[in-house]
Amino acid sequence: MRYAQGGGLTDAGRAARERVRLQVVERFEEGQKNREVAAALRVTERSVERWRRQWRERGEVGVLSKGSPGRPRLSEKQVARLERELERGPLVHGWAGQRWTLARIKMLIGRLFRVSYTVEGTWLLLKRHGWSWQQPARRAIERDDAAVEVWKKETWPRVRAPRQRVTAGASSRTKPDSR
C-alpha cells in the first residue's frame, strides 16, 4: 500500500490504515518475520521494515499515524484575525495600491503569525475559508471611454494589417506560380 502526501484519504480511510498498523504491531509481538507480515496484510516489506524500526524505538506509539500532513497551520482564531487584516486593505500594511495578491497575503501571514505558506498553500487556505479571486468591479478612474471608442473606430482600422488574399488556383501562398 502506497500513500501520497496526505494519502488522499478520508477519515475512514485513515482509520483503516491505522488498524493495519495495529495489526502489524500484534504480529511483531508474536515474533512473525517481516515477509510473513507483509504477505498477510498485503503491504510492502519496506513498510513493514520501517514500522518494525519505529516499533523498536518508540513502541506502539511510534507506529501510529501522525495525522494528515496537510492539516491547516493556522487556528480558526488566527484565520479570523487574518480576515480582519485583509479587510483593512493592503495600504494599511505598507503596500501601494488597493489590490491583495497571493504573494502579499503570504507575506502578511508570515509577518502576523510567523508561519510560512507557499503561494499555492495561501490560495488553498483562502479558498477553504470562502474567499475567491476577484476582478475590480469598476473601471479605472483614468479610463476615458470616449477616447477608447474613437481609437477603435479611427486608429485601429488604419493600424490593422490588411488581410492577404491568395489568388484563385494558387497552391502555395509563397509561390503563386507553382502548381
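Helices (H or I, at least four residues) and strands (E, at least two) are taken here as DSSP runs, numbered from the N terminus. On that basis the elements of the protein chain run α-α-α-α-α-α-α-α from the N terminus on, that is, eight helices and zero strands. The model is a predicted one, so to speak of local features takes a pLDDT of at least 70 and side-chain atom pairs count only at pLDDT 80 or more, while totals for chains, interfaces and linings use all residues. Residues are numbered from 1 along each chain as its sequence is written, and side-chain values use heavy atoms, with hydrogens and water left out.

Taking the chain as a whole, 22% of its 179 residues count as buried (buried is under 20% relative accessible area, exposed over 50%, partly exposed in between; 1.4 Å probe, protein chains only). The exposed surface comes to about 14200 Å², and carbon and sulfur atoms supply 50% of it; such areas come from the Shrake-Rupley method with a 1.4 Å probe, and for residues only the protein chains shown count as cover. As for contacts (heavy atoms within 4.5 Å), those with a separation of 6 or more owe 36% to residues 24 or more positions apart.

Two buried residues give a look at the inside. Thr-122 sits in helix H7, residues 119-128, and counts as buried because its relative accessibility is 0%. Its side chain reaches the backbone oxygen of Thr-118 at 2.8 Å. Neighbours within four places in sequence aside, Thr-122 touches Leu-102, Ile-105, Lys-106, Ile-109 and Tyr-117.

Leu-82 belongs to helix H5, residues 76-88, and with 2% relative accessibility it is buried too. Again leaving out neighbours within four places, the contacts of Leu-82 are Leu-74, Leu-108, Ile-109, Phe-113 and Leu-125. Ile-109 thus turns up in the contact lists of both Thr-122 and Leu-82. Between Leu-82 and Ile-105 there are 9.0 Å, C-alpha to C-alpha, at a sequence separation of 23 residues.

On the outside, Trp-151, Trp-156 and Val-159 make up a nonpolar surface patch with about 330 Å² of accessible area together. Patches are built from residues with over 30% relative accessible area and no salt bridge, joining like charges within 9 Å and nonpolar side chains (Val, Leu, Ile, Met, Phe, Trp, Tyr) within 5 Å; a salt bridge is a side-chain nitrogen of Lys or Arg within 4 Å of a carboxyl oxygen of Asp or Glu. Val-159, from this patch, lies in helix H8, residues 145-159, and counts as exposed because its relative accessibility is 56%.

Conventions. Polar contact = N/O pair within 3.5 Å; in protein donor to acceptor, adjacent residues only side chain to side chain.
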